[in-house]
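Student: Hey, got a minute to walk me through a structure? I'd like to get the overall picture before we pick at details.

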Amino acid sequence: MASYQGAHRTAAGTNLTILAVESSASVVGRIHQIVLGSDATPADVATRFDVIRHTAAGVGGTAVVEKPTDPQAAAASCNLRGGTMTEPTYESDFLLEIPLNQRATFTWIANPGRELRTTVGTANGIGLRSISSGGTPNINCSISWDE
């Protein structure tokens, strides 16, 4: 099993995807770490983030190049997409809810065997989404996954 990571930055807002891991036709992505913070000038801005599965990938946005943890690993089968896009079709129930002040940095690490898993299929995946925010600061996100 190979491990990959990717990072992206975009402004917070209402129902905006910061970064999404999109699975492939034959591979399940297993997200094991999320790091979330802001590189904007410090301010007291509260934002709620949800990590949610999607059943149709977003359109447009920025294709984010994943980096293998082991430089000898093959290219990842999952894709990363971030930034302003036509939003993916998200399920109604979130996997994680992360309320965060802009001045804080948050790290989520899965217990072994408890990773967040995508569903097999090219349109399926998991996204980190800004659900609501008191402003539009840059939000920085790094996601690490195995496949």
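Tutor: Let's go from the overall fold to the salt bridges and then to a loop.

Student: Sure. What kind of model is it, and how are residues numbered?
Tutor: It's a predicted model, where local features need pLDDT of at least 70, side-chain atom pairs count only at pLDDT 80 or more, and totals for chains, interfaces and linings use all residues. Numbering runs from 1 along each chain as its sequence is written, and side-chain values use heavy atoms, with hydrogens and water left out.

Student: How many helices and strands are there?
Tutor: The protein has zero helices and twelve strands. Here helices (H or I, at least four residues) and strands (E, at least two) are DSSP runs, numbered from the N terminus.

Student: What does the radius of gyration say about the overall shape?
Tutor: The value is 14 Å, which agrees with the radius near 15 Å that a compact globule of 147 residues would have. That's taken over C-alpha atoms, and the globule rule is 2.2 Å times the number of residues to the power 0.38. Along the principal axes, the C-alpha atoms fill a box of roughly 40 × 30 × 25 Å.

Student: How much of it is buried?
Tutor: 45% of the 147 residues count as buried. Buried means under 20% relative accessible area, exposed over 50%, and partly exposed in between (1.4 Å probe, protein chains only).

Student: OK, strands. Which order do they take in the open sheet?
Tutor: The six strands of that sheet run S5-S7-S2-S11-S4-S8, with antiparallel pairing. Two strands pair if DSSP finds at least two bridges between them. S5 (59-64) and S8 are the edge strands, each pairing on one side only.

Student: And S4 with S11, how many bridges?
Tutor: Eight, in the antiparallel sense, between S4 and S11 (residues 125-133). Aspartate 50 stands opposite arginine 129 in S11.

Student: Switching to charges: how many salt bridges?
Tutor: The count comes to seven. A salt bridge here is a side-chain nitrogen of Lys or Arg within 4 Å of a carboxyl oxygen of Asp or Glu.

Student: What does aspartate 50 pair with?
Tutor: Its side chain meets that of arginine 48 in a salt bridge, 2.6 Å from N to O. Aspartate 50 counts as buried because its relative accessibility is 3%, whereas arginine 48, at 28%, counts as partly exposed.

Student: Which other partner does arginine 48 have?
Tutor: Glutamate 97 also forms a salt bridge with arginine 48, at 2.9 Å, N to O. That pair links distant parts of the chain, with glutamate 97 in S8 (residues 89-101) and arginine 48 in S4 (residues 46-56), 49 residues apart. Through shared partners, Arg48, Asp50 and Glu97 join into one network. Glutamate 97 has a relative accessible area of 42%, so it is partly exposed.

Student: What about arginine 81, who's its partner?
Tutor: Glutamate 22, in a salt bridge of 2.7 Å, N to O. Arginine 81 lies in S7 (residues 79-86) and glutamate 22 in S2, so the pair ties together parts that are 59 residues apart in sequence.

Student: Is glutamate 22 buried or exposed?
Tutor: Glutamate 22 counts as buried, because its relative accessibility is 5%.

Student: Last topic: what's odd about the phi of asparagine 15?
Tutor: The phi of asparagine 15 is positive, about 55°, although the residue is not a glycine. Asparagine 15 lies in the loop between S1 (3-11) and S2 (16-22). With 33% relative accessibility, asparagine 15 counts as partly exposed.
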